[in-house]
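User: Hey, can you walk me through the pockets and cavities in this one?
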Amino acid sequence: MTTTNPGLSRRRFLALSGTAVGGALAAGCSPASSTNTPAAGSGTGSGSAAKGTVTVMSQSGEFGPKEAKAASQALGITVKTVEYDLTKLTAMLASGNPPDVVRGMGATETPYLVARQVAENLDPYFEKSTLIKADDIDPVNDVWRYDGQKQGSGPRYGFAKDYSQDCTIWYNGGLFDAAKVARPSATTPLLLDDLLEEGRKLTKRQGAKVSVYGLNPNGLGLFTQLSWLTDLAGGKLTADDLASVDFSSPEAQRALTWYLEYAKAGIGPTVLNPDPNGWDGPTFQAGRMAATLSGYWLGGLFSGDAKSAKVAGFAPAPQFDTGRRVSPCFGATGLWIPKASKNKDAAFAVMEWFLAGDPAKARAASGWGIPPLKSLQKLMPQKLPYQKQAYDVQMAEKEHFSVMSFTPYVRLDAINTVIGRELPKAIKGTTTAGQLGDTLNSQLNAQLEDGKKRLR
């Protein structure tokens, strides 16, 4: 199959890249559409005679050579893999010769990809899919939808391989017991102020050094966490048009103040004192993390670790005292197909096999995330006590999920770069939460405006 999309000119490439901050994806494409996009209702699904070669760009631990070989055997096509690399993806997109299937985080990348006309509208394929039925799709997959103004509605541009509600809590019950702190309830969310106080009590120090972190609320990144905290306080960090932020509102200030109190207390990792392990898994397994807002997926790590499995507990996402309860997903990592792919039929066959076929069933049983299809969720592990408790908490937590729209104008890593650069001043006490808010407004809104201009 061929495509009429010639790729980007270098000028257009640079105009859309936003590479000055955070290595943003230069993922814009010319408006020309591909000639091999199926007409509505003609998507091929798993029963198609897909053929040819499909290149998948993903992480080797998710879709690597082993998965490529299995896909080739199952589908009768040649499947190759390329390790995910943002710079390489940018260059391939710009040249008009991208991978056929690409790894992505639906919650934070969908609007950005769609606004730059990079991602293929997959609705025609899903309509004809033999493995993915509309009434079986978990609502989290709405993060892969975008109608040009709002995330959660419009066409589907990708699909999750698994997901978590990323602010739910894993805790070490043994550390809670030793500190004489009550274990979190499995049904009633902790108040954030109470969680902070408990974090102080749970922290252990050897001299000036923290030997056990009491709490890590950093999640998948500060901007998404602060957006969630602002929402819990009753406000919105990002404007309705997704083109500006406001860190100066009372609700956003409450979010910033809470986070700064955590950071100044020295009870968990911060940009000034990061966890040497780089993530919470090894720290939790070493008995050095009392509570972490990491989401359900982390529990997959404990199934082969008897020590952690014995003490691990799972709890709902915390909230402020406003009565507002929101339990978001900021990942929903999955796969999408570039518009310029030269073999979309076969690309979707690979996607469908990986996301809803035998590999999806194996992932569901592993505990590494919640399956994207409701019919597969019965496979989630419940054999060990911690698994059964986590399953029950997670199934109840699903009621409190809602899509939080992310901006199409700037990539998340670029926003977090600014926050990470400015936050230390406030943690050290040289600026106030109000001053930090003003600074973030100034810098991020300029960044957002620049990103918006690049799309005109």
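Analyst: Sure, terms first: on a 1 Å grid over the protein atoms alone, a pocket is an open set of points with protein on both sides within 12 Å along at least five of seven lines, a cavity is a set where a 1.4 Å probe fits but cannot get out, and lining residues have an atom within 4 Å of a point. Points are joined across faces, edges and corners, and a volume is the space filled by probe spheres set on them. The model is predicted, with local features needing pLDDT of at least 70 and side-chain atom pairs 80 or more, while totals for chains, interfaces and linings use all residues. Numbering runs from 1 along each chain as its sequence is written, and side-chain values use heavy atoms, without hydrogens and water.

User: What's the volume of the second largest pocket?
Analyst: About 590 Å³. Among its 23 lining residues, Asn216, Asn218, Gly219, Gly221 and Gly278 are the closest to the centre.

User: And the largest pocket, how much space is in there?
Analyst: About 750 Å³. It has 28 lining residues, and the closest to its centre are Glu62, Lys161, Asp162, Trp297 and Trp368.

User: OK, cavities now. How many of 30 Å³ or more?
Analyst: The structure has 4 of them, and the largest is about 60 Å³.

User: Which residues line the largest cavity?
Analyst: Trp170, Tyr296, Gly299, Gly300, Ser366, Gly367, Pro381, Tyr386, Gln387 and Ala390.
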